[in-house]
Structures are given as structure tokens and as C-alpha cells.
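Grab a coffee and open the model in your viewer. Here are some short exercises on how helices pack, each with a worked solution.

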Amino acid sequence: MDQSSASRTRKSTVAEALPEEKQAEFDPQGIHGRAGSRLLSPDITPKISSESLIKKNPSRKVLGIMRRCINEFSDGDVVDDVFLLADKQIRANRNAALYLLVELRDRTGSISARMWNVTEESQAHLQPGGLVQVKGKTQLYQGTLQLIATHIYHVAHDGFDMAEFLPRSNRDVSKLAVRLREILMTIEDPPLRALMECFLIDEKLMQNFELAPAGTKAHHAYQGGLIEHVVNMLEVAQRIADLYPDVNRELLLAGIFLHDIGKVRELSYENGFGYTDEGQLIGHMIIAIEMLSEKIRESIELTREPFPEETSIRLKHLIASHHGSYEFGSPRLPMTPEAIALHYIDNLDAKIHEFTRDINNDPNPQSTWTAFNARLDRKLFKGPKKTEANAVKPR
Ligand SMILES: [Fe+2]
Ligand SMILES: [Fe+2]
């Protein structure tokens with residue numbers, strides 16, 4: 001695509017098109033100067049720190065009470081703690097007596113708990129997504145740690161830091177945000193760069209981009225998961241771009257950034273993970289295309305230059321085709337080199353994450369295999385039990 005004539009006349013960045021007071025707001029120290037300033041030079045630490053979004057609570061104090069995390073439990077522990085109720089079922093045993101089966105969660109993991117001899121009515125007040133106080137004892141059953149509860153009752157959310165109950169990325173999200181900007185600011189094509197800047201200066205959007213999971217179950221299903229997934233994909237694209245000179249690297253990077261951006265509105269992720277009404281009804285691809293159209297309009301307003309129609313359509317195609325097949329919800333199959341590259345990079349990052357998570361989190365140390373994963377339609381090989389003698393030294 002020939003954008004050279006537009007490039008010559010176009011203001012080099014969105015920053016230069018902003019009113020002067022606004023430029024100062026994004027470059028408070030004035031370290032990038034007036035002429036030729038770059039709004040989001042890689043060395044500027046983003047104003048929005050993920051630390052303020054994903055509160056750290058190292059003392060794990062909730063309402064003044066020290067709580068023990070799920071990953072600290074071992075066989076025979078007496079438990080009296082607050083958890084997020086992630087799932088709830090009433091089941092019948094062989095004698096037709098009802099029991100309650102729940103999944104409890106905190107930021108370190110999840111554990112299933114059973115409470116014997118219940119009635120539907122007595123447990124009706126327990127709602128998934130709510131907090132519960134649980135008393136009971138842990139027990140190792142067929143290689144899996146579970147909790148046998150004697151009491152489970154609802155507690156109000158007030159006063160609890162919900163970040164304590166939601167899983168979050170192990171990576172430092174503020175560093176991921178810096179890396180995201182660093183890579184996107186290698187884009188030199190003026191219209192595409194200005195468009196990226198329009199997304200990156202949208203503080204509310206970027207707050208959500210740093211907080212959202214990439215999904216609710218399949219992969220990166222934790223706060224900060226979306227940005228972790230996207231930065232990994234950008235790193236992969238950066239490394240392979242030289243091998244495929246006919247793939248437009250800048251378009252691919254922009255497409256990777258935008259492919260799942262609709263998840264900030266498709267999913268809810270502040271008090272538990274789920275789908276918003278908009279997410280259920282429209283889905284993240286259509287939401288992302290809407291967001292893209294809006295930012296293209298903003299970029300045209302700020303730079304007072306037209307946005308190339310071909311770039312707009314190619315970007316929309318990258319979003320619409322990234323799931324790779326009709327079966328997985330893409331309305332179009334990938335039909336450009338950048339689209340097929342994006343689809344495979346997306347799938348590579350998602351699948352490797354799912355494989356390693358299943359292997360690392362498998363609760364049964366006695367088995368060399370994980371439990372069967374229905375989505376992958378297979379169990380995974382963990383390898384022989386690690387002993388001092390056979391442990392593979394990390395490279
Ligand atoms: Fe997606
Ligand atoms: Fe993705």
C-alpha cells in the first residue's frame with residue numbers, strides 16, 4: 001500500500017496535533033521537546049501503574065484477620081477462612097442423600113469442598129461470585145487435595161479487598177505495559193503510529209487493558225492476562241518478522257495489539273470473571289472493530305489527515321479473522337499474510353500457556369500424566385516424578 005504521500009504531509013505524531021497544554025500533560029518533564037516530540041517514547045513510564053489497579057496485599061490481611069492462602073494448604077489442615085465461591089452444585093450420593101460441592105478460590109488457586117447432608121433450601125442463599133466463610137478440614141483423596149466442610153456461609157463483600165480472591169498475572173504488569181509501548185512505538189508508518197498513540201493515550205481503556213484477563217477459562221484467565229498474552233505475541237512477532245520480509249511487520253504488530261482488545265468490554269473482571277451483556281450479545285471481535293473505527297476517527301481529528309482506507313480494512317480483517325475458522329467464531333478466514341501469521345501466533349501463545357499451566361498446576365504428584373482436559377481432548381505428559389537424581393537442570 002502506498003502511503004508515502006500522506007506520510008510526507010502528515011503530522012508526525014498525535015502529540016504534535018494536541019493542544020499545547022495537553023502535550024505537556026503527556027510529557028510533564030518536557031524531556032522530549034516541542035518539535036518532533038513523540039507522545040509515547042519508550043522511556044516514559046506509563047502514568048497508569050498496574051500496581052494501583054491490582055492492589056498488592058502482602059500481609060493477606062482481610063478485615064484485620066490473617067488468612068491462609070489455598071496454595072499453602074496440605075493434608076489434614078484445619079480451615080476457617082474466607083474464599084470466593086466460584087461454583088456451586090448440589091449432588092446426590094449413592095444413598096440419595098444430598099451434598100454440596102463447591103469450588104473455592106483465592107488469588108493463589110482453587111480447591112473443591114464438599115459438605116455432606118444438606119438440603120436445596122438450606123444452601124439456596126449461596127451464590128457463585130459471592131464470598132463465603134468456610135470451616136472444615138483438608139484431606140488428600142485419590143491424589144487431590146479437597147476440603148470437607150462443616151460450615152459454609154455467605155459473607156458480605158464490604159471491606160474485603162476483592163483482589164485477594166481473584167487470580168492475577170505472576171508477571172509485573174507495569175513492566176508489561178512499558179514493553180507494550182516500546183514495541184508499538186517501533187511503528188514508523190505515520191498513520192498507523194498515530195492510531196496506536198490514540199489507543200495508548202486513552203487512560204481508561206489502558207487501565208482496563210492492564211486489568212482484563214484474556215479469557216475466563218482457556219488461557220491467561222487472570223487479571224493482567226490480556227496484556228501478558230498480547231506482549232508475548234508481540235515478542236514472538238518481533239523475533240520472526242525478519243524471516244518473512246513479505247509480511248508487513250508494522251501491520252502485524254498493530255493487529256496483535258488490537259486483536260483481543262474488545263475483551264476489555266466483552267468480559268467483566270473486577271469482582272470475579274464472566275461475560276458482560278455486550279460481550280454475550282456481540283463478542284470481542286465486533287467490539288474491537290467498533291473501537292478501531294472510533295480511534296481512526298479520533299486520529300483523523302487530531303492529525304487532520306485522512307486515514308488510509310486500505311490500512312483500515314486490513315486491520316479490521318486481522319481482528320475479524322484471528323480465530324482462524326468459522327468453527328471458532330471468526331466471520332472470515334484469514335486472507336492476508338499478516339492475518340494468517342497473527343492467527344498462528346495467537347494460537348501458539350494460547351496453547352503453550354494452556355499446556356504449561358495444566359502441567360504445572362496438576363494437583364496429583366503421584367501421576368506422570370495430568371487429568372484429561374476436555375477442551376484439548378487429551379491428557380498431557382508431565383514426565384517422571386522429579387527426584388534430585390533425575391531433575392533436569394534449568395538452562
Ligand atoms: Fe480472540
Ligand atoms: Fe488472543
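The exercises below start with the whole chain and then move in on one helix and its neighbours.

**Exercise 1. Get your bearings: how many helices and strands does the chain have?**

Solution. Keep in mind that you're looking at a predicted model. Start by counting elements: there are 15 helices and 9 strands. Next, look at burial: of the 395 residues in the chain, 33% are buried. Finally, check the contacts with a separation of 6 or more: 61% of them join residues 24 or more positions apart.

**Exercise 2. Work out how many residues of H10 are buried, and what covers them.**

Solution. First find the helix: H10 runs over residues 249-259. Now go along it and pick out the buried positions, which are Leu251, Leu252, Leu253, Ala254, Gly255, Ile256, Phe257, Leu258 and His259. That is 9 of the 11 residues, so H10 is largely enclosed by the rest of the structure. Last step, see what does the covering: among the elements over those buried residues are H6 (173-184), H7 (190-200), H9 (225-240), H13 (284-303), H14 and H15 (337-361).

**Exercise 3. Describe how H10 packs on H14.**

Solution. A pair of packed helices is described by two things, the angle between the axes and the distance between them. Here the axes of H10 and H14 (residues 309-321) come within 9 Å, and the crossing is at roughly 50 degrees. That angle makes H10 oblique to H14. As for handedness, the crossing is right-handed. Now list who touches whom: H10 brings Leu251, Ala254, Gly255, Leu258 and His259, while H14 brings Arg314, Leu315, Leu318 and Ile319. Sort these by class and you get 6 nonpolar, 2 polar and 1 charged residues.

One more thing to keep in mind when reading such lists: an α-helix has 3.6 residues a turn, so residues three or four places apart point the same way.

**Exercise 4. Do the same for H10 and H15.**

Solution. Take the geometry first: these axes come within 10 Å and cross at roughly 50 degrees. H10 and H15 are therefore oblique to each other, and H10 passes H15 in a right-handed crossing. On the H10 side, the contact uses Leu251, Leu252, Gly255, Ile256 and His259; on the H15 side it uses Glu338, Ala341, Leu342, Ile345 and Asp346. The class tally is 6 nonpolar, 2 polar and 2 charged.

**Exercise 5. Close the triangle: at what angle do H14 and H15 pack?**

Solution. The angle is about 35 degrees, with the axes 9 Å apart. H14 passes H15 in a right-handed crossing. His317, Leu318 and Ser321 of H14 meet Glu338, Ala339, Leu342 and His343 of H15. Sorted by class, that contact has 3 nonpolar, 3 polar and 1 charged residues.

**Exercise 6. Zoom in on Leu251: is this residue buried or exposed?**

Solution. Place the residue first: Leu251 sits in H10. Then count: there are 23 C-beta neighbours inside 10 Å, and the cut-off for burial is 20 or more, so Leu251 counts as buried. Now set aside neighbours within four places in sequence, and Leu251 is in contact with Arg314 and Glu338. Arg314 belongs to the H14 side of its contact with H10, and Glu338 to the H15 side. Finish with a through-space check on Leu192: Leu251 is 59 residues away from it in sequence, yet their C-alpha atoms are 7.9 Å apart.

Conventions. Residues numbered from 1 in each chain as written. Chains lettered and ligands numbered in written order. Predicted model: local features only at pLDDT ≥ 70, side-chain atom pairs only at ≥ 80, totals over all residues. Axes fitted to C-alpha atoms, helices over the stretch in contact; angles between N-to-C directions. Helix = DSSP H or I, 4+ residues; strand = E, 2+ residues; numbered from the N terminus. Parallel < 35°, antiparallel > 145°, perpendicular 65-115°, else oblique. Left-handed = near helix turned anticlockwise from the far one by under 90°. Contact = placed C-beta atoms within 7 Å. Nonpolar A, V, L, I, M, F, W, Y, C, P; charged D, E, K, R; others polar. Buried ≥ 20, exposed ≤ 12 C-beta atoms within 10 Å, placed from the backbone.
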